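Subject: Structure handover

Hello,

Here is the structure I said I would pass on. My notes on it follow below.

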Amino acid sequence: MAISYLRVSVTDRCNFRCRYCMPEGKKEFIPHPEILRYEEIAEIVWVFSQFGVKSIRLTGGEPLVRKGLESLIYQLKEIDGIREVSLTTNGFFLGEKAEVLKEVGLNRVNVSLDTLNPEKFSYITKADEGALYRVLKGIEKAKETGLNPVKLNTVLIKGFNDNEIEEFVRFSADFGIEVRFIELMPVGGQFFSRENFIPISYVKEFLEEKFGRLEPVKTVKMGPAKSFRVGDTGAVVGFIPSVSQHFCSECNRVRLTSNGKLRLCLMSDREIDLKSVLRSPAYSRELLRKTIAGALLLKRNVDGIEALESLGCSRKMFTIGG
Ligand code: SAM
Ligand code: SF4
């Protein structure tokens, strides 16, 4: 499958400490000089655009904690061939940033939200009580500003939010926001265990039993999520079965970490160091182009996630960006 989508992590820092993402007591982050400068990210994206990448998603850590993110978005939107720049955020700073993000050309935003209950929100993110209210205000502002479609990313965790599936369906119907249910992946902090895992198949069965048929929604398919109308509730939900159903043959994406490593697969530690190419005295665009061409060839020739997975994934999610 052609690579048309690049996820760029702009920082490994975050104002939240989600239990399934950041290890307990995490204090050390990548030193600033090791983080790619915006100009360096734009240079890499330019080369990717020459290979047919059209869509960029900015992620983190929390991308909105990095200063001047709007200048990066502006630079990326200036690149011929880049049609869309989107953002995955925890939503905490969205209220204050939505307008400027829209002005510089951000197309749309996904907000991660695992519970609609303030106390549970505070428990899972370790943020102050009141943070949920700010996130909800941020979502509202993003919609108002026209960063559409705004979508929710909801990681399902047994014993934590499996009793809120119906509430998320109502939320989707009331606010016209697609909710994408994501399987908990075994790459996070201390919070993952098999007992906490809920397969997407369970959610589908639950929704069909409760609300009737899930009607597929026609979308321009950019990723692994498939969207469905939930009976006649008016809600639209998506499913990301990243653990129970691999989608290697449909994978159109690669990832760039904040310290300049190109990851060919979320679940594999095979990384190509683009920062050392960019910062080498012998740097030329041709050298970067050749390095990226080699990496993409490797991705095309690897026979599915099993081959890549055999390398394992030792990074935590906040360093990759999901
Ligand atoms: N801070 C931003 C946010 O939370 O949206 C962007 C970075 S975060 C790492 C990107 C996505 O990864 C979020 O939707 C988060 O819920 C998801 N994520 C983190 N750890 C995960 C895990 N162990 N399993 C599944 N999804 C995870
Ligand atoms: Fe931060 Fe996002 Fe990870 Fe939560 S999921 S700790 S908000 S990077």
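**Lysine 204 and its surroundings**

Not counting residues up to four places away in sequence, lysine 204 touches Leu214, Phe228 and Phe239. Lysine 204 sits in helix α7, which covers residues 200-211. Its relative accessibility is 28%, so lysine 204 counts as partly exposed. Threonine 125 is 79 residues away from lysine 204 along the chain, and the C-alpha atoms of the two are separated by 26 Å.

**How far to trust the model**

Please keep in mind that this is a predicted model. The average pLDDT of the protein is 91, and 91% of the residues score at least 70. Residues 303-308 stay under 50 in pLDDT, and the model has 11 contacts for them beyond four places in sequence.

**Salt bridges**

Side chains of opposite charge can pair when their charged atoms come close. The structure holds 15 salt bridges, and three of the pairs are described here.

In one of them, the side chains of glutamate 40 and arginine 279 meet, with 2.8 Å from N to O. Glutamate 40 lies in helix α1 (residues 38-50), while arginine 279 is in the loop between α8 (274-278) and α9 (285-301), so this pair ties together parts that are 239 residues apart in sequence. Glutamate 40 counts as buried because its relative accessibility is 6%. Arginine 279, at 32%, counts as partly exposed. Both residues also belong to a network of salt bridges that links Arg37, Glu40 and Arg279.

Another salt bridge joins lysine 120 and glutamate 164, whose closest N and O atoms are 2.7 Å apart. Lysine 120 is in helix α4 and glutamate 164 is in the loop between β5 (151-156) and α6 (165-175), so parts 44 residues apart in sequence are tied together by this pair. Are these two residues buried or exposed? Lysine 120 is buried, with a relative accessible area of 18%. Glutamate 164 also counts as buried, at 3% relative accessibility.

Lysine 137 and glutamate 140 form a salt bridge too, with 3.7 Å between the closest N and O atoms. Both are in helix α5 (residues 131-145), and because they are three residues apart there, about one helical turn separates them. Lysine 137 is partly exposed, with a relative accessible area of 38%. Glutamate 140 is partly exposed as well, and its value is 42%.

**Threonine 115**

Glutamate 164 comes up again here, since its side chain and that of threonine 115 are joined by a polar contact of 2.6 Å. Threonine 115 is in the loop between β4 (108-112) and α4 (118-125). Why does threonine 115 count as buried? Its relative accessibility is 0%, and the cut-off for buried is under 20%. The side chain of threonine 115 also reaches the backbone nitrogen of asparagine 117, at 3.0 Å. Leaving aside neighbours within four places in sequence, the residues in contact with threonine 115 are Lys120, Phe121, Ile124, Leu132, Phe160, Glu164 and Phe168. This list includes Lys120 and Glu164, the two partners of the salt bridge at 2.7 Å.

**Serine 55**

Serine 55 is part of strand β2 (residues 55-59). With 4% relative accessibility, serine 55 counts as buried. Which residue does the side chain of serine 55 make a polar contact with? The partner is the side chain of glutamate 84, at 3.4 Å. Serine 55 and glutamate 84 are 29 residues apart in sequence, but from C-alpha to C-alpha they are 4.8 Å apart in space.

**The two ligands**

There are 19 residues around ligand 1, and those that come nearest are Tyr20, Gly61, Thr88, Ser112 and Met185. A nitrogen atom of ligand 1 lies 3.1 Å from a backbone N or O atom of tyrosine 20. The side chain of glutamate 62 has an N or O atom 3.2 Å from a nitrogen atom of ligand 1. Serine 112 places a polar side-chain atom 2.5 Å from an oxygen atom of ligand 1.

Around ligand 2 are Cys14, Phe16, Cys18, Cys21, Met22, Gly61 and Asn90. This shell divides into five nonpolar residues, two polar ones and no charged ones. Gly61 appears around ligand 2 and is also among the residues that come nearest to ligand 1.

Regards

Key: Residues are numbered from 1 along each chain as its sequence is written. Chains are lettered from A and ligands numbered from 1 in the order in which they are written. This is a predicted model: local features need pLDDT of at least 70, side-chain atom pairs count only at pLDDT 80 or more; totals for chains, interfaces and linings use all residues. Side-chain values use heavy atoms; hydrogens and water are left out. Helices (H or I, at least four residues) and strands (E, at least two) are DSSP runs, numbered from the N terminus. Buried means under 20% relative accessible area, exposed over 50%, partly exposed in between (1.4 Å probe, protein chains only). A polar contact is a pair of N or O atoms within 3.5 Å; within protein, one must be able to donate a hydrogen and the other to accept it, and residues adjacent in sequence count only if both atoms are side-chain atoms. Contact means heavy atoms within 4.5 Å. A residue is near a molecule or strand if one of its heavy atoms lies within 4 Å of it. Ala, Val, Leu, Ile, Met, Phe, Trp, Tyr, Cys and Pro count as nonpolar, Asp, Glu, Lys and Arg as charged, and the others, Gly among them, as polar. pLDDT is the predictor's confidence in each residue, from 0 to 100. A salt bridge is a side-chain nitrogen of Lys or Arg within 4 Å of a carboxyl oxygen of Asp or Glu.
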